[in-house]
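Visitor: I should be grateful for a close look at a single part of this protein, namely one strand and the sheet to which it belongs. Please then place that part within the chain as a whole.

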Amino acid sequence: MFDQQTYIRRRAQLKKEVGQGIIILFGNNESPANGPFNGYHPFRQDSSFLYYFGQNRDGLVGVIDIDNDTETLIGDDIDIEDIVWFGSVDSVKDMAEQVGVNNSAPMKHLKTLCNAAIGSKRKIHFLPPYRHDIKLQIYDLLGIHPSQQKESASLDLIKAVVKMRSAKEPQEIEELERAAKIGYLMHTTAMRLTKPGVTEKFVGGQVDGIANSYGAMVSFPTIFSQHGEIMHGNPSLAKLEAGRLALCDAGAETVNNYCSDNTRTFPVNGKYTQRQLEIYSIVEACHDHALEVAKPGVKYIDVHFSVCKLMTERLKELGLMKGDTEEAVRAGAHAMFLPHGLGHMMGMDVHDMEALGQIYVGFDDETRPNLEQFGTNALRMGRRLEEGFVVTDEPGIYFIPALIDEWKASGHCAEFLNFDKLETYKDFGGIRIEDDILITKDGCRFLGKDRIPYHPKDVEAFMANNSTK
Ligand SMILES: [Mn+2]
């Protein structure tokens, strides 16, 4: 938790941004996995609730009455049975005081408060709910059916929260740096353990263990797979094979819930083949290119397309693409290889604020998403960069057999793709390199003091001691 003043200041600004009405920020509840007392662990608080109310306990709701300038932390104190099993915790009143909130009340008070607000036709602001229990709670409190809640969520509140959470405060950047340190340990552990005969699941599990040991948890389910071409490939029981590549996309969440998100792709037996190096060096160049062009005022969608053009140029040299580069990218031909965007915002959520709606987080009135074109429709971040933004830089080149077959059969972008050559890459897999960029006053830098090795020579040197015999 940050200091009390942080939360007081943030709520004061939120009141100013939203203007009038009552803001209700729902904290999360425990989430049962296979029974009421065996939940997904560790408990994960809602990020916006954390941002304004700081408390990391389940069963809390924060209320900000803008018109009457009052703030209340709502929740039930735990009873003696809970104390027996889980130990004593602070009372709701104490928790309210810790974050500078003057009032506290039991959960039943929330219904009374909502009834009064509805009775006097006051505006009640809430964020789009994403957990089913919260949807039921909103249904009970406000009478809005879960199917209507996304549309009924407050746009004023969404925009205010996005505005405030987008630019990271210095103390948040410190937390992100802590997450980057854990991320470094996760990825170097994966590189150290990778060798033929070990299962994907074993390496993935060890990577998760590092996140759990040094922070709160992983920032998203770890991807560790020899099938790098599957975007979200879970670690399987398959054994790692010499000659193949392993793609590791993993991140940590600190105990204060700030994230890291990195990807490395390395050879199972510690040495890239010539064919792997040819593709790898393109992804490497694209990854480094973003660092050169990202700065305040530049649109991230332009950085994305700049990378797409560079990638197309280089794929033409290899004979995998052909034709005019500008036209090829305009037609979306590069999406055969890169079907996703260059990156996304990152903060307390790995895809920061995604629950509030990507259209509000990654785009604005000036920069709109293109939902019509395959690949481009997957962009999560397009708008102009500002100082304090944290975005991922994650170009990749993938050879997806089903996509090759489909485009070949339909002739899609045939003038820009060499399908005969693509056929010979169907067993290649995929390569992605990802780091997290902080936008500074006049440029940008990567988060994390130590770079996880990614230049081929560094990766090979790092893996040289992994026994493959
Ligand atoms: Mn990412």
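**Strand S14 and its surroundings**

Guide: In this predicted model, strand S14 comprises residues 435-439 and is joined to S15 by three bridges, the two strands running antiparallel. Two of the facing pairs can be named. Ile439 stands opposite Cys444 in S15, and Leu438 is placed opposite Arg445 of that strand. The connection between the two strands is a hairpin, with four residues between S14 and S15.

S14 also has a partner in S11. Here the pairing is again antiparallel, and it extends over four bridges. Within this pairing, Thr392 is found opposite Asp436 of S14. In general, the strands of a sheet pair through backbone hydrogen bonds, in either a parallel or an antiparallel manner.

Taken together, these pairings give an open sheet of three strands in the order S11-S14-S15, with antiparallel pairing. Its edges are formed by strand S11 (390-393) and strand S15 (444-446), each of which pairs on one side only. On average, neighbouring strands of this sheet are turned by 35° against each other, direction ignored.

The surroundings of S14 may be considered next. A residue counts as buried if 20 or more other C-beta atoms lie within 10 Å of its own. Five of the five residues of S14 are buried, so the strand is largely enclosed by the rest of the structure. Both of its faces are covered: Asp435, Ile437 and Ile439 are buried on one side, as are Asp436 and Leu438 on the other.

Two residues with an unusual backbone entry deserve mention, beginning with Cys413. This residue lies in the loop between helix H15 (401-410) and helix H16 (419-423). Its phi is near 55°, a positive value in a residue other than glycine. Cys413 is partly exposed, because 19 other C-beta atoms lie within 10 Å. Met353, in the loop between helix H13 (325-331) and helix H14 (358-361), likewise is not a glycine and has a positive phi of about 65°. Met353 is buried, since 25 other C-beta atoms lie within 10 Å.

As to the whole chain, the domain assignment gives domain 1 (4-166) and domain 2 (170-466). The C-alpha centres of domain 1 and domain 2 lie 35 Å apart. The contact takes 14 residues from domain 1 and 15 residues from domain 2. On the side of domain 1 that touches domain 2, the elements giving two or more residues are helix H2 (47-53) and helix H8 (155-166). H8 gives the most to that side, with six residues. By character, the residues on that side of domain 1 divide into nine nonpolar, three polar and two charged.

A record also bears on this part of the chain. The unreviewed UniProt entry carries the annotation "domain: Aminopeptidase P N-terminal" for residues 2-135. Over residues 2-135 the chain is 39% helix and 15% strand, and the end C-alpha atoms are 29 Å apart. The loop between strand S1 (22-26) and H2 contains Pro42. The peptide bond from His41 to Pro42 is cis, with omega near -5°. Further along, Lys93 lies in helix H4 (residues 92-98). Lys93 is partly exposed, with 15 other C-beta atoms within 10 Å. Between the C-alpha atoms of Lys93 and Thr189, which are 96 residues apart along the chain, the separation is 43 Å.

Note on methods:
Residues are numbered from 1 along each chain as its sequence is written. This is a predicted model: local features need pLDDT of at least 70, side-chain atom pairs count only at pLDDT 80 or more; totals for chains, interfaces and linings use all residues. UniProt positions are given in the numbering used here, feature names are shortened, and annotations may be inferred rather than shown by experiment. Two strands pair if DSSP finds at least two bridges between them. Axes are lines fitted to C-alpha atoms, for helices over the stretch in contact, and angles run from 0 to 180 degrees between N-to-C directions. A residue is buried if 20 or more other C-beta atoms lie within 10 Å of its own, exposed if 12 or fewer, and partly exposed in between; C-beta atoms are placed from the backbone. Domain bounds come from an automatic or database domain assignment. Two residues are in contact if their C-beta atoms, placed from the backbone, lie within 7 Å. Ala, Val, Leu, Ile, Met, Phe, Trp, Tyr, Cys and Pro count as nonpolar, Asp, Glu, Lys and Arg as charged, and the others, Gly among them, as polar.
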